[in-house]
Amino acid sequence: MKVIEHLDRATEPLISYEIIPPKRGGSAEQILDVVDQLMPFNPPFIDVTSHSAEVSYEQKDDGTWQRCVKRKRPGTIGLCAAIEARFGIDTVPHLLCKGFTREETEDALIELNYLGIDNVLAIRGDDKGYEKSLSGNRSRNEYAVDLVRQVQDMNNGEYLEDLMDAEPTDFCVGVGGYPETHFEAPNLAWDIMRLKEKVEAGADYIVTQMFFDNEYFFDFVDKCREVGIEVPIIPGVKILKRKQHLRLLPKYFHTEIPEELAAEVDAADPEDVENIGVEWAIRQTRELMDAGVPCIHFYIMSSAETVKKVVDPLHEMA
């Protein structure tokens with residue numbers, strides 16, 4: 001089932017999750033166990049992140065440095081297929097511009113269509129220092145809007161080359177939004193207009209980057225509606241669990257930690273930080289639900305233990 005169909009049929013805000021594939025050479029069973037722990041909460045869909053190759057430099061015995069390119073977390077499509085087969089939960093594999101050609105993207109979409117996976121999240125992806133080389137007639141999507149257009153072309157039966165008896169796909173397409181402004185955007189208004197372009201290209205819904213202050217989200221939604229963006233907007237929530245998050249989350253995700261939360265975490269003993277983060281997330285999600293959001297999307301990555309402490313009270317409230 002498509003994400004937008006889940007949203008249309010819901011009588012109360014849904015709760016979805018985002019997980020990360022195991023590292024190269026790892027086992028999917030650990031992640032499947034995470035999904036198993038979420039089953040009592042009836043997740044409507046689960047996002048599975050994707051990762052392009054990364055560049056690292058390793059010193060050789062002769063003292064010189066060698067450039068190494070590795071994809072450290074493969075397996076997004078396989079993990080999505082395993083989740084749907086084992087648990088019957090719809091999945092949302094992430095598609096990236098960075099590190100993938102349009103031809104590779106088309107192959108991935110064809111495979112997802114074969115597997116009966118109905119949803120994708122189209123994002124540009126982080127810059128890991130690796131630029132996909134292009135040979136022959138290969139090409140790349142530079143921005144998420146280009147990726148959305150490619151998916152919609154396939155939904156219209158238009159492939160990169162003429163394929164005999166090629167049938168249209170029917171993917172539901174999600175895109176990312178940034179309540180606190182994408183770090184490369186000059187301002188929020190400019191950023192929202194780029195988001196509108198993705199919606200006009202065919203995006204069906206928006207899921208936001210994590211934030212800890214709901215006022216940013218409410219203001220973001222208002223501004224989106226003002227410019228004519230009418231698709232569902234799903235807030236993304238992260239549970240702060242460690243003192244290091246005060247430094248790492250703003251650095252890597254460009255999100256602001258509210259003064260009240262930061263001060264409480266900074267003054268707490270390390271073993272008490274997770275409880276503080278859980279209580280904050282409960283208050284944050286309750287306020288979002290009271291405001292009528294269609295869904296809460298938790299970024300949990302590779303563990304379900306902490307999010308269960310948040311979701312349990314929310315289910316009791318419902």
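**Exercises on a predicted model**

A search of the whole structure, which is a predicted model, finds one cavity of 30 Å³ or more.

**Exercise 1. The cavity**

Determine the volume of the largest cavity, the residues that line it and the character of that lining.

*Solution.*
Step 1. The volume of the largest cavity is about 70 Å³.
Step 2. Its lining is formed by Lys238, Ile239, Lys241, Tyr299, Ile300, Ser303, Thr306 and Val307. Strand S10 (295–301) and helix H11 (305–317) are the elements that give two or more residues to this lining.
Step 3. Sorted by character, the lining residues comprise four nonpolar, two polar and two charged.

**Exercise 2. Two residues with positive phi**

For Thr181 and Met301, state the phi angle, then locate each residue and decide whether Thr181 and Met301 are buried, partly exposed or exposed.

*Solution.*
Step 1. Thr181 is not a glycine, yet its phi is positive, at about 80°. Thr181 belongs to the loop that runs between strand S7 (172–177) and helix H6 (188–201).
Step 2. The relative accessibility of Thr181 is 18%. Buried means under 20%, so Thr181 counts as buried.
Step 3. Met301, also a residue other than glycine, has a positive phi near 65°. Met301 is placed in strand S10, one of the elements that give two or more residues to the cavity lining.
Step 4. The relative accessibility of Met301 is 24%. Partly exposed lies between 20% and 50%, and Met301 therefore counts as partly exposed.

**Exercise 3. Cysteines**

State how many disulfides the structure holds, and classify Cys224 and Cys295 as buried or exposed.

*Solution.*
Step 1. A disulfide is a covalent bond that joins the sulfur atoms of two cysteines. The structure holds zero disulfides.
Step 2. Cys224 has a relative accessibility of 0% and therefore counts as buried.
Step 3. Cys295 has a relative accessible area of 0%, so this residue is buried.

**Exercise 4. The chain as a whole**

Describe the protein chain by its helices and strands, its buried share, its contacts and its accessible surface.

*Solution.*
Step 1. The protein chain contains eleven helices and ten strands.
Step 2. Of its 318 residues, 49% are buried.
Step 3. Among contacts with a separation of 6 or more, 76% are between residues 24 or more positions apart.
Step 4. The accessible surface of the protein chain is about 15800 Å², and carbon and sulfur atoms account for 45% of that surface.

Methods:
Residues numbered from 1 in each chain as written. Predicted model: local features only at pLDDT ≥ 70, side-chain atom pairs only at ≥ 80, totals over all residues. Heavy atoms only, no water. 1 Å grid on protein atoms, 1.4 Å probe; cavity = no way out; pocket = protein on both sides within 12 Å on 5 of 7 lines; lining within 4 Å. Points joined across faces, edges and corners; volume = space filled by probe spheres on them. Helix = DSSP H or I, 4+ residues; strand = E, 2+ residues; numbered from the N terminus. Nonpolar A, V, L, I, M, F, W, Y, C, P; charged D, E, K, R; others polar. Disulfide = S-S within 2.5 Å. Buried < 20%, exposed > 50% of the residue type's maximum accessible area, 1.4 Å probe, protein only. Contact = heavy atoms within 4.5 Å. Areas by Shrake-Rupley, 256 points an atom, 1.4 Å probe, with all protein chains shown as cover.
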